[in-house]
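Please find below some notes for a reader who is new to protein structures. They are best read with the structure open alongside.

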Amino acid sequence: MTVLLIDDDPEVLDSSRQTLELDGLAVEAVTEAGAALARLGSAWPGIVVTDVRMPGMDGFALLDRVRAADPEIPVVLVTGHGDIAMAMRAVREGAYDFIEKPAEPGHLVEVVRRALAHRALVLENRRLRAQLAGGGPEGRIIGRSAAVERLRAAVANLADAEVDVLLFGETGTGKELAARSLHEGGRRRAGNFVALNCGAMPDTIIESELFGHEPGAFTGAQGRRIGKLEFAAGGTLFLDEIESMPMHLQVKLLRVLQERAIERIGANRTIPLDLRVVAATKVDLLKLAGEGRFREDLYYRLNVVTVPLPSLRERREDVPLLFRHFLDAAAARSRRTVPPLDAALLARLCAHGWPGNVRELRNVAERVVLGLGDGLTPASSASMAVGAAGTAEIEPLADQLDRIERQLIEEALARCGGRVGETAERLGITRKTLYLKMRHHGLSRDDFTEE
């Protein structure tokens, strides 16, 4: 990500460039607006920080040209002759922010970093939309954390493997999404993807739903019914909450998995099946089997390959990206404009514990689009502290963001085995920037390797 800095005063330009570079940012500095236009486009990874009063093309004219190239490139206007009317005009014409000269270094850096984060989200969201339009696991499984990269690699590796798969993860981690990605990424994509929630169906009908029935097989069975297993032939059967399946049906399912054949209820003819079974659970099935509440032989039959799904707590760096994706989707469904993302909201999102994982994050996005607030309770966020009088005190935003950044850097370093070079690459920053941030947060370089 690059900061394109424009000012016709060489001294001011050099001062601003040094301020940003000392904070680890990549800067291109030019003295006239026309020299900047050739760099800009819809895929350009950067922002524009420009003086307003310049000979030739001024800041507002440049703003119009930038927005014509890509309306989502953030443009920060800087002027020593600002007033309320000019600030209002800047906002009205689409400027990202408006700063008066002389710009206080800390404020300039804060605004620029916020604008860069916004641009990064925009570009990543466009990439994800393109992937979603193309289908496949790469488009469905959203994120760029190490945990998500491992999940995508596992799904891609198993998509064409003719083995049954067990998905293990907390509620709301996207087990059905992973199952669909397995189906759509392999040769069975032309067949049906059939999903059955074992915990949402009464015992009295789940057997009929799975195996189907012949006319007169039981009271009310007036016609032939094709069951889920038979309907999934040539494709994939997804059994969600497999731990909820009644014990007597677990025996029958085991037989299906072993013989790849079924008999409809009330029939004697065996029907061969060519299908793949993907099961999902949020509990330890082996522990459940030890307690006599799940068949151990079925567990071992399902557990040919187990794919763990990370909780949102294990991939906090994906929260802003996922949230922006859900905002776009919610706004499209509601036919509303996408609300702007501010630093305070991002801080609350990153500090939240997310017991409901990605599903909870999607619900928060729905509320924000509808103008109902984020609904996050203070008790669930690390951004609140209780004072001596027992009232909730709001921690300063800068301190919240500082603590969250340190936590994310520590987690990234731990996942990369303490290798600074790999950590910087995965975080999308330079090694120099990472070292500066480590020094700021009191993380000793001696504890990590240079790789």
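**Notes on the predicted model**

1. V91 has a relative accessibility of 60%, so this residue counts as exposed, the cut-off for that class being over 50%. V91 belongs to helix α4, which comprises residues 84-92. Please bear in mind that the model is a predicted one.

2. V91 may also be considered together with L77. The two residues are separated by 14 residues in sequence, and the distance between their C-alpha atoms is 9.8 Å.

3. H441 offers a contrasting case. This residue has 7% relative accessibility and therefore counts as buried, since buried means under 20%. H441 is located in the segment that follows α19 (431-440). When residues up to four places away in sequence are set aside, H441 touches D402, E405, R406 and I409.

4. The largest nonpolar core deserves attention next. In soluble globular proteins, nonpolar side chains tend to be buried together. Here the largest such core has 31 residues, and those touching the most other members are L210, L229, L239, I242, F294 and L302. Two or more residues come from each of several elements, including the strands β7 (193-197), β10 (236-240) and β13 (276-281). The helices α9 (203-211), α11 (247-259), α12 (285-290) and α13 (296-302) likewise give two or more. Which element gives the most to this core? It is α11, with five residues.

5. I242 shows how one member of this core is surrounded. Beyond its neighbours within four places in sequence, I242 is in contact with C198, L253, A279, A280, T281, L285, F294 and L302. Another core lies apart from this one; it has 23 residues, including A33, V48, M54 and A90.

6. The length of α11 can be checked by a simple calculation. At 1.5 Å a residue, its 13 residues should span 18 Å, and the C-alpha atoms at its ends are 19 Å apart, which agrees.

7. The two sides of α11 are also worth comparing. L249, Q250, L253, L254, V256 and L257 are buried in this helix. These residues lie on the same side of α11, because they cover an arc of only 160° around the axis. An α-helix has 3.6 residues a turn, so residues three or four places apart point the same way. The exposed residues R255 and Q258 are carried on the face of α11 turned away from its buried side.

8. A final remark concerns the end of this helix. R260, just after α11, takes a positive phi of about 50°.

Notes:
Residues are numbered from 1 along each chain as its sequence is written. This is a predicted model: local features need pLDDT of at least 70, side-chain atom pairs count only at pLDDT 80 or more; totals for chains, interfaces and linings use all residues. Side-chain values use heavy atoms; hydrogens and water are left out. A nonpolar core is a set of buried Ala, Val, Leu, Ile, Met, Phe, Trp, Tyr and Cys residues joined through side-chain atoms within 4.5 Å. Buried means under 20% relative accessible area, exposed over 50%, partly exposed in between (1.4 Å probe, protein chains only). Helices (H or I, at least four residues) and strands (E, at least two) are DSSP runs, numbered from the N terminus. Contact means heavy atoms within 4.5 Å. The expected span of a helix is 1.5 Å times one less than its number of residues. The arc is that of the directions from the helix axis to the C-beta atoms.
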